[in-house]
Amino acid sequence: MHPQKQIAEMVVSALDSAIAADTLPQIGEVTPTVERPKHAEHGDYSTSIALALASSMRMAPREIAAKIAESVERSSMVRDVSVAGPGFINFRLDDEWLRSRVNVIRQQGVKFAHSDIGAGQKVQVEFVSVNPTGPLHIGHVRGAVIGNGIANILDAAGFDVQREYYVNDAGNQMRIYMESAYVRFLQAAGKDVELGAESYPGEFVAKLGAELYAEYGDAVVEMSEDEAIGVIRKTALDRTLANIRATLSRMGIEYDEWFSEKSLIDGEDFNESLELLKDRGFISEREGALWFLGTKVGLESDSVIIRSMERGPSYFGTDIAYHYNKFVKRGFDRVINVWGADHHGHIARMNAVVNSLGVESDNLTIIINQMVNFKEGDETVSFNKRKDNFIGADELLDAVGADACHFIFLERTPGTHMEFDLELAKAETAENPVFYVQYAHARLCAVLRAAKDRGIEFEDGDVSLLTTSQELALMRRLNELPDVIARSAEMLEPHHMPHFAYEVARELQRFYEACRVISSEPADAELTKARLLLVDAARIVLEGTLNIMGMNAPERM
RNA sequence: GCGCUUGUAGCUCAGCGGAUAGAGCGCAGCCCUGCGAAGGCUGAGGUCGUGGGUUCAAAUCCCGCCAAGCGCGCCA
């Protein structure tokens, strides 16, 4: 259990025992909020529960705080419990306990910070899911980073996580894409044909057409369009998906499942979900189409599920089947969809339809990441206005590297309309937080290498020698990781990770500045060993944090 | 027109109803005979878009207004 939760439980049981002992009046169930105070003199953890209880208990907040503080059961973790200000109860961690954590971190590795709040619940994180109609572009990277970050965090928090990419291989866009590929195929065969107005003009499709011609040759050129597309279709889709997969792989992102939209229609999911909605009275037929009765559950309008017999299900229709499949067929306890802001209009009816399928709509969380503006020098451009001037995700990765993308996109909360400074991301200087954090890790590795070169063994070091303010501040920081992971998982807020990584790096640099680690003075031999233990623990925490963020922790830079 | 999101230091952003609103960059200074200076320290800089409301307590919750982005298809 992470320290913050332990403190919260200490407060609850202190409150209970004070009530039992009749020193405080009876009240209903309360859940105390425990926070980390902004100022160090307020301790490591703090609760304002006494202030919140004042009116219902009809007592002065400070008095309530004093009663609770008295009843707190002492533990090795907490050195001091005090009442301060208008009625805060402040907790200070015990130095001895903090030191002992250095050994815990070294023994357990980053797992020391993992939690069990997930309790093995099955969670699916679906992200990116861009139409397979060409390579990923620069605007898709944010969603990829956020989805991956959330999945990693949930993993560390004890959830059973599945990462999924929804492949939109049915529907209109796919038809247009295949027609585009077919035209390019014919052009590669030397035929004089033009792309239609709606077609995908990109270079990728042209290259794909040439590859298809090289593979299938003139026999397919002679076929009718429908026949020919039937032949090239699978290869075209596979190549496109392989391209997307390769880009994601460069970012260290791997999926457990690439789920086909088409399979929902070919199989039973679409019909079954429709039957279920029909039984529950959410379906009606009019104007030659089949509708989901959104107005019945408070939506502004109804939505089409099946357009007509010839034209088949709408995107919304298959999305119903998809979520039916996720919850009912595959039995996920929770589903998290990471969507771009241009899909936000779809959220309300998705929640409504999930609810109409009989699934608690709280089990579906849709995270929207806002649009990104890219800044190069003084020029700011929003990527969506650059459709004519396509910038591929690969180009961004070439320019700034995957690690910088992870850090910078994760640093901002998904809801902000953020600006991505291309110059800054590329900069290999202190202005760039990515390098600051990775440098701190590389520096720790350099110290550990130096110790090894000098033949220093520090396994038997004594952590009780770690007493300077910088050492204690660093240990405090390292011990925050369990809280940070728990909080990030509970709130689904990955941005705490890079902020924490930055704080660890900063605390490390202060420690490094003030505390000589490897000393050549014989009298300092024991202190050297103790500090090497701390350096090693810090390295473990930093590496673990970076890995959860999808980043590398370089040993040299 | 309606809906969603955003508005915090010059810039990019944190801020979990609570104590004196924070960080980085930029700016002005200071600090290396030793483990990586890609570093450390100090300082200036804010009517938290705006007007109301709820509360013992509001940047945070509610309502109005202003501004920006996005969305309002039998596209996905």
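This is a short dialogue on reading the RNA-facing surface and some helix pairs in a predicted model.

Me: Where should I look to see which residues surround RNA strand B?

Reply: Good place to begin! Look for residues with a heavy atom within 4 Å of the strand. Here 68 residues surround RNA strand B, and the closest are Phe88, Asn131, His344, Arg412 and Arg443.

Me: Which parts of RNA strand B are within 4 Å of the protein, sugar or phosphate, or bases?

Reply: Sort the strand's atoms by where they belong. Of those within 4 Å of the protein, 61% belong to sugar or phosphate, while bases supply the rest.

Me: And which backbone atoms of the protein should I check against the strand?

Reply: Try asparagine 172, where a backbone N or O atom lies 3.4 Å from a phosphate oxygen of RNA strand B. Two other residues face bases: tyrosine 512 has a backbone N or O atom 2.8 Å from a base nitrogen, and isoleucine 518 has one 2.8 Å from a base oxygen.

Me: Which elements give two or more residues to the surface near RNA strand B?

Reply: They are α2 (49-57), β4 (88-93), α6 (172-188), β15 (418-421), α16 (433-453) and α19 (496-514). The largest share, nine residues, comes from α16.

Me: How many residues of each class does that surface have?

Reply: Count them by side-chain class. The surface near RNA strand B has 23 nonpolar, 22 polar and 23 charged residues.

Me: Now the helices. At what angle do the axes of α19 and α20 cross?

Reply: Compare the N-to-C directions of the two axes. Those of α19 and α20 (residues 525-548) come within 10 Å and cross at roughly 160 degrees. Angles over 145 degrees count as roughly antiparallel, so that is how α19 and α20 run relative to each other. The crossing is left-handed.

Me: Which residues make that contact?

Reply: On the α19 side, they include Met497, Phe500, Val504 and Phe511, and on the α20 side, Leu534, Val535 and Ile548 are among them. By class, the contact has 12 nonpolar residues, one polar and one charged.

Me: How do α17 and α19 cross?

Reply: Read this pair in the same way. The axes of α17 (residues 469-478) and α19 come within 9 Å and cross at roughly 160 degrees, which means that α17 is roughly antiparallel to α19. This crossing is left-handed. The contact includes Glu471, Leu474 and Arg477 of α17, with Glu503, Glu507 and Arg510 among the residues of α19. Its classes are eight nonpolar, one polar and five charged.

Note on methods:
Residues are numbered from 1 along each chain as its sequence is written. Chains are lettered from A and ligands numbered from 1 in the order in which they are written. This is a predicted model: local features need pLDDT of at least 70, side-chain atom pairs count only at pLDDT 80 or more; totals for chains, interfaces and linings use all residues. Side-chain values use heavy atoms; hydrogens and water are left out. A polar contact is a pair of N or O atoms within 3.5 Å; within protein, one must be able to donate a hydrogen and the other to accept it, and residues adjacent in sequence count only if both atoms are side-chain atoms. Helices (H or I, at least four residues) and strands (E, at least two) are DSSP runs, numbered from the N terminus. Ala, Val, Leu, Ile, Met, Phe, Trp, Tyr, Cys and Pro count as nonpolar, Asp, Glu, Lys and Arg as charged, and the others, Gly among them, as polar. Axes are lines fitted to C-alpha atoms, for helices over the stretch in contact, and angles run from 0 to 180 degrees between N-to-C directions. Angles under 35 degrees count as roughly parallel, over 145 as roughly antiparallel, 65 to 115 as roughly perpendicular and the rest as oblique. A crossing is left-handed if the near helix is turned anticlockwise from the far one by less than a right angle, and right-handed if clockwise. Contact means heavy atoms within 4.5 Å.
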